[in-house]
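Visitor: Please show me the structure, and then take some questions on it.

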Amino acid sequence: MTTVLEPRHSLEEFELSSIPQSQLQSGQQTPASSAPLTALASPEALQRAIHDNVTVQELAPLDGGIRAWTFCFCSFVLEMFIWGFCFSYGIFQDYYTTHPPFNTASSISIAAVGTIAMALQYAEAFSLTCLFGRYPDWMNFGMWTGLVLYFLSIFCASFATHVWQLIMLQGVVFGIAGGLLYVPTIKLMPEWFSARRGLAGGIIFAGGGVGGFIFPFALNALLDKVGLRWGLRIWSIVSTSCCAFALLGIRPRLPVPKFNAGQRRPRFIPPHLGFAKNPLYWGLSLALLLQGFSYFPVSLYIASFTRALSDPLTATIVLSVFNASAVAGQIVLGHLSDRFPYPWIMFTSAVISGLVAFLLWGLAYAPTQLYFFAIIFGALNGGFSSTWYNAAFDCAKGKPEHTGIAIASTALFKGVSAVVGPVISGILLDAGRGSSMGGVFGREGYGAVEIFVGTCAFATGAVSLFIASTKRRAGLNFA
């Protein structure tokens, strides 16, 4: 018999959860509330457990301690290099459309490179979470495999001469690699954080914003000094080295089950999830879909709109400010969602985002308005995702072992918005290119795109009210 030693509020208090050795080896998950021998005990109880030939394993502290924050920091680094690189694709898109050999290709095919990479990472989250749930002993191997694919996708893209090659390498292979690298952080985060899961999730998600702020300048400098080929090669080596360092800190808090030949593994999709019957789950999924419709078009077109009004340097600065604002938004909104009801954080974020989309972006005629728009919209709409962990925890009915699956399954809707949102915006932009609405709203033909973004943000706010109502009727108040 193996006993897991759970640190409590002091060194003198322990929670002893007795788990049969056969259950650990079979990989079955034990709900936190169903341990057969659970007690708050003094060191004397620990001595009795040892005297009874029980193997005792001490767990790292929950919600704090060097190992928990190391996991958080390393997850932040991975998020920065995976999603920050995706959020900086606008730099590559501008380069590909203006430099041979890709400048003769259609703008839609060039935009598809970044869109496919982002969409794949969202879409594969659910299947990978279920896969690592059934094969938890493969998760570490999967992350290192993802790192190899990450390197190859960027390095080999430096030899591409056709857009379809970029789509396969910088799009498909990078998307698969990114999922293998970041999905384990989603699955493991509930093991490390409970009361501070909003703050920890906000810090991790903020990595994408930090990368989105820094990388456009770094990538621009590489493209200007050494060109596309060597720029991609240098980036692949440096970023892979940093990600390899970060992987060393991505470790589970709970023991990883060991399986012998012939032993039964957990089901691919755990039973009794009940997501399909939970209106809160569908409300969260719809909110993420609509929020993605409002966010991704801005992240894709804010630089090109700014360049149309000003110059390329200003466009790079506005894009960086937009991504940097998301960093502060992720951390602040994540912390607030731990302290206040998250549906109201979602509602406030969405409504103000819609207002600034109409009033600041829609009426913009100079870079000054775009700076304010990038700060406000980037912080509030970009920080929206930090409420995701707490909302998914409620969707999982307060079960940490199912929270990762709830996040991963709702990520499918985020992936749909990452593909469909930019496509709709591209169609709207082509239809109104070169014109404005009344000479004031929607300059450079972006009026329909701005209306689409603002409307989707307001719709997200409406769904947030539905989530608040559903949560209140269900009486959800999990610790």
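The questions and answers below concern this predicted model.

Visitor: What is the distance between the end C-alpha atoms of helix α16?
Guide: Helix α16 covers residues 400–432, which is 33 residues. At 1.5 Å a residue the expected span is 48 Å, and the model agrees with this. The distance between the end C-alpha atoms is 47 Å.

Visitor: On which residue is the kink in α16 centred?
Guide: The bend in α16 amounts to about 25 degrees. Its centre is leucine 412.

Visitor: Which helix gives the most residues to the largest nonpolar core, and where does this core lie?
Guide: The core has 118 residues, and those touching the most other members are Tyr96, Tyr122, Tyr150, Trp361 and Phe377. Helix α11 (residues 279–309) gives the most, with 16 residues. Residues come from both domain 1 (63–255) and domain 2 (273–478), so the core lies between these domains.

Visitor: How far apart in sequence are the parts tied together by arginine 307 and aspartate 94?
Guide: These two residues form a salt bridge, with their closest N and O atoms 3.3 Å apart. Arginine 307 belongs to helix α11 and aspartate 94 to helix α4 (residues 89–98), so the pair ties together parts separated in sequence by 213 residues.

Visitor: Are aspartate 394 and lysine 471 buried or exposed?
Guide: Their side chains form a salt bridge at 3.2 Å, N to O. Aspartate 394 lies in helix α15 (residues 388–395) and lysine 471 in helix α17 (residues 447–474), so the pair ties together parts 77 residues apart in sequence. Both aspartate 394 and lysine 471 are buried.

Terms used: Residues numbered from 1 in each chain as written. Predicted model: local features only at pLDDT ≥ 70, side-chain atom pairs only at ≥ 80, totals over all residues. Heavy atoms only, no water. Helix = DSSP H or I, 4+ residues; strand = E, 2+ residues; numbered from the N terminus. Expected span 1.5 Å × (residues − 1). Bend = angle between axes of the 7 residues up to and from the residue. Core = buried A, V, L, I, M, F, W, Y, C linked by side-chain atoms within 4.5 Å. Buried < 20%, exposed > 50% of the residue type's maximum accessible area, 1.4 Å probe, protein only. Domains from an automatic or database assignment. Salt bridge = Lys/Arg side-chain N within 4 Å of Asp/Glu carboxyl O.
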